[in-house]
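Subject: Structure handover

Hello,

Here is the structure for your files. My notes on strand pairing and salt bridges follow below it.

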Amino acid sequence: MNGSSAPMAGVLGWPVRHSLSPRLHGHWLKRYDLPGSYEHLPVPPELFEGYVRALATNGYAGANVTLPHKEAALALCDEVDPAARAIGAVNTLIFRDGRIEGQNSDAFGFLESLRQDLPAWKPSTGPAVVLGAGGAARAIVFALKSAGVSEIRVVNRSAARAERLVADFGSSVTARPWTAAGLVDTCLLVNATSLGMAGQPPLELDLQSLPSTAAVADIVYQPLRTELLSRASAAGHATMDGLGMLLHQARPGFEAWFSHRPEVDAALRAAVLEGLT
Ligand SMILES: NC(=O)c1ccc[n+]([C@@H]2O[C@H](COP(=O)([O-])OP(=O)(O)OC[C@H]3O[C@@H](n4cnc5c(N)ncnc54)[C@H](OP(=O)(O)O)[C@@H]3O)[C@@H](O)[C@H]2O)c1
């Protein structure tokens, strides 16, 4: 804690040293010449709730939450936004008037990234296929559904997890096996699994039946240019990498804590990319 009245925030995780959030928020604080600080806040699961409550009563404006605390954060909030409730996880805490508010900004981040990086894609264009049924996939399904995509197909290794997601999101969302992903009339394909990430197995999906007009997004950002995106790009698809989602999801928290609406631009992208190498 910095002993001044300047707003303080940070990212809660265990481990958390790898988090790029301090670099990202630090860039904005400097760029907008704002008083305030943002730091890594390592805390093990068994101390999480007490630690958050101590931050809230010790002058912190709020915090981001990363693995493994996102569900625990949801449980301790006095109120949560509809996205966090539907996704089942909180990634942004705001301490206001003695209360703890929880938000999930991943869906917002994904939609803003689509708006910036794939401006030609429109929710009404047609069906979307989402690969994955974990936390990130839930955020993406929530985002696409709230944007008005009328049909979302979820393809996941574990069928039971996909079925749980489908049950939570209603009839416009269906589960498909990998072998019948239903790419033939797809307008947007999103990888929300960890496949293709550095150190993980490759993502093996034949793109041949994907219409050439379909856009392909990968939320993996290490590496930034995944093999899926390279193949999609070579086949003429418009593509979007995972960095935009990471940068845009940080905006609501920053605005709430430091009272300034930040922008995602080339300078921020370059600053965060430096931390990825
Ligand atoms: N760009 C961003 O801002 C952003 C934000 C959040 C997450 N991400 C990235 O998104 C990815 C997923 O994150 P998450 O939080 O959703 O993780 P998660 O909850 O652990 O889910 C992992 C997903 O990947 C699938 N998967 C993992 N290994 C697999 C394998 N060998 N074969 C087939 N499927 C496999 C899982 O399938 P099962 O259900 O069958 O296990 C599940 O659908 C990570 O790479 C993460 O870095 C990016």
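**Strands β5 and β6**

Strands β5 and β6 (residues 99–103) run antiparallel and are joined by five bridges. Please keep in mind throughout that this is a predicted model.

In this pairing, Thr92 of β5 stands opposite Gln103 in β6. The two strands form a hairpin with two residues between them, and in that hairpin Asp97 takes a positive phi near 50 degrees.

On its other pairing, β5 meets strand β3 (residues 60–65), again in the antiparallel sense, over three bridges. Thr92 appears here too, as the bridge partner of Asn64.

How many of the five residues of β5 are buried? Four of them are, so the strand, which covers residues 92–96, is largely enclosed by the rest of the structure.

**Salt bridges**

The count comes to 14 salt bridges in the model. Three of the pairs are described here.

The side chains of Arg96 and Glu101 meet in a salt bridge, with 2.7 Å from N to O. Arg96 has a relative accessibility of 37%, and because buried means under 20% and exposed over 50%, Arg96 counts as partly exposed. Glu101 is buried, at a relative accessible area of 16%.

Another salt bridge is formed by the side chains of Arg251 and Glu112, at 2.9 Å from N to O. Arg251 lies in helix α10 (residues 251–258) and Glu112 in helix α5 (residues 106–117), so this pair ties together parts that are 139 residues apart in sequence. Are the two partners buried or exposed? Arg251 counts as buried at 15% relative accessibility, and Glu112 is buried with a relative accessible area of 14%. Glu112 and Arg251 also belong to a network of salt bridges that links them with Arg115.

The remaining pair in these notes is Asp168 and Arg138, whose side chains meet in a salt bridge at 2.6 Å, N to O. Asp168 lies in helix α7 (residues 159–169) and Arg138 in helix α6 (residues 135–147), so the pair ties together parts that are 30 residues apart in sequence. Arg138 has 15% relative accessibility and counts as buried.

**Where to look**

When you open the model, Thr92 is one place to begin, with Asn64 as its bridge partner and Gln103 opposite it in β6. After that, go to the network of Glu112, Arg115 and Arg251.

Regards

Notes:
Residues numbered from 1 in each chain as written. Predicted model: local features only at pLDDT ≥ 70, side-chain atom pairs only at ≥ 80, totals over all residues. Heavy atoms only, no water. Buried < 20%, exposed > 50% of the residue type's maximum accessible area, 1.4 Å probe, protein only. Helix = DSSP H or I, 4+ residues; strand = E, 2+ residues; numbered from the N terminus. Pairing = 2+ DSSP bridges. Salt bridge = Lys/Arg side-chain N within 4 Å of Asp/Glu carboxyl O.
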